Amino acid sequence: MSLVVMKFGGSSVGSAERIKKVAERIIEKKRDGHQCVVVVSAMGDTTDELVDLCKQLTDHPPAREMDMLLSTGEQVSMSLLSMSIQHLGYTAISLTGWQSGMTTDCNHGNAKIVNIKPNRIFKAIEEEKIVIVAGFQGLSEDGEISTLGRGGSDTTAVALAAAINADLCEIYTDVDGVYSTDPRIVRVAQKLDEISYEEMLELAQLGAAVLHPRAVEYAKNYNVPLVVRSSFSHREGTLVMEGNAVEKSMVVRGIAYDKNVARISVLEVEDIPGILATVFGALADAGIDVDIIVQSGVRNGAADFSFSIANTDVEKAMIVMEELRSTVTFREVTYETDLVKVSIVGAGMVSNPGVAAKMFRVISEQGVSIKLVSTSEIKTSCVIDRDKLTEVILALHTAYGLDANQQAFVGGPKERR
Ligand code: ADP
Ligand code: ASP
Ligand code: MG
């Protein structure tokens, strides 16, 4: 008998009918002789709807209350799923994050798990119950309800799998597995049978929504066998695992994109030691994550630099920059919003020169100019205008030989906010 953690995302539990299908799927696993601990997300777009509701009342919701609000979504689905399983004649119990012993730090809205004491989960397993845990939430070290950041139920599942020493963690979602790129953009994207933790981590961090980056980090650090598969079919999914030699021979394994990107440019900054430390220190103090930073050469004692941040942080960043005028000398700050970052990822890139140059060429052939670039051993990212995103991804996908022979995925586009 093995112990399996099964996680079902929002669209998998999007309606009463879907919840019933999930209940049946879990019972099937139980009947096959496995002990099941299940993690659920909020139903469908519930979390977005709760955010919208809050926006109708205030632009600046207190972080504590926001977590109180958002954590309710997962509690709806966990209780309904438990009821559905019990209705089908099996014993089940739903547990909130805090009942599951999930302790986090105090960073509301993006809390990190600090430890898990799964006593109640073990007790319920001993009693032969199917355990349903609310994803995305925990109890902070100061006793408040916390949430783990959007998409965080994946992280709940993998962290729990590590804590209870599960034999397998299965992430059930609305696509068949991890593809070479978002199959909703590229219809000939290839489903990958396996992918290394490193490559998956890069793809997730660079925007591939199929897995929450911290979930991959956990899986890698605790060696959790992780499978991404569909809750709508029984097709085999993608195994995320320790890298092997085969992968190194693939130059580019996947393409990811992030639509929440803006560029800020600071022009004619006085070139004295410590300027960058002052500017980026102030941005960090304001809680703004800076991604790519590019500085141009110095002319007449002044330099220009540009950096990318989340679109949603532009207003805050511009206030910080204006406040810096009293300590830092520069001519002007400009910004561009609604950009995207497109990235190619592959463990084989490190030993293959010319991969980045090819990316720049393919993008330029689409008549698109590149605004910022960043590279590491296994990825190259380019920031570009949003309006040509689809064409650029399609062209890169073909150029790196990733197109599948047959149409692999049939499904409608998924709107993301
Ligand atoms: P869930 O609600 O199950 O957590 P998500 O919407 O968070 O599902 O993640 C699944 C979605 O991730 C897919 O519908 C797909 O559009 C998107 N996606 C982006 N990149 C990839 C990729 N490389 N492989 C598979 N899916 C991807
Ligand atoms: N419900 C949360 C969200 O929509 C967490 C998750 O689905 O993983 O972000
Ligand atoms: Mg998700």
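Let me start with ligand 2. In this predicted model, the residues around ligand 2 are Ser-41, Ala-42, Thr-47, Glu-74, Phe-136, Arg-150, Gly-151, Gly-152 and Ser-153. Sorted by class, that shell holds 2 nonpolar, 5 polar and 2 charged residues.

Next, the side chains that make polar contacts. Which atom of ligand 2 does Thr-47 approach with a polar side-chain atom? A nitrogen, at a distance of 2.8 Å. Glu-74 also has a nitrogen of ligand 2 as its partner: an N or O atom in the Glu-74 side chain is 2.6 Å from a nitrogen atom of the ligand. With Arg-150 the ligand atom is an oxygen, and an N or O atom of the Arg-150 side chain lies 2.7 Å from that oxygen. As for cover, ligand 2 on its own has 260 Å² of accessible area, and the protein covers 86% of this.

Now the helices. I have three pairs to go through.

The first pair I will take is helix 1, residues 16–31, with helix 3, residues 63–87. Their axes are 9 Å apart, and the two pack at an angle of about 60°. Angles of 65 to 115 degrees would count as roughly perpendicular and those under 35 as roughly parallel, so helix 1 is oblique to helix 3. The crossing of helix 1 past helix 3 is right-handed. If you are looking at the ligand site at the same time, note that Glu-74 is among the residues around ligand 2, and helix 3 spans residues 63–87.

The next pair is helix 5, residues 153–163, and helix 7, residues 213–222. Here the axes are 8 Å apart and the packing angle is about 15°. Helix 5 and helix 7 are therefore roughly parallel to each other. What is the hand of the crossing where helix 5 passes helix 7? Left-handed. Ser-153, one of the residues around ligand 2, has the number at which the range of helix 5 begins.

The last pair is helix 11, residues 355–365, with helix 12, residues 389–399. Their axes come within 9 Å and cross at roughly 135°. An angle has to be over 145 degrees to count as roughly antiparallel, so helix 11 and helix 12 are oblique to each other. Helix 11 passes helix 12 in a right-handed crossing.

That is what I have on the ligand site and the helix pairs.

How values were computed:
Residues numbered from 1 in each chain as written. Chains lettered and ligands numbered in written order. Predicted model: local features only at pLDDT ≥ 70, side-chain atom pairs only at ≥ 80, totals over all residues. Heavy atoms only, no water. Near = heavy atom within 4 Å. Polar contact = N/O pair within 3.5 Å; in protein donor to acceptor, adjacent residues only side chain to side chain. Areas by Shrake-Rupley, 256 points an atom, 1.4 Å probe, with all protein chains shown as cover. Nonpolar A, V, L, I, M, F, W, Y, C, P; charged D, E, K, R; others polar. Axes fitted to C-alpha atoms, helices over the stretch in contact; angles between N-to-C directions. Helix = DSSP H or I, 4+ residues; strand = E, 2+ residues; numbered from the N terminus. Left-handed = near helix turned anticlockwise from the far one by under 90°.
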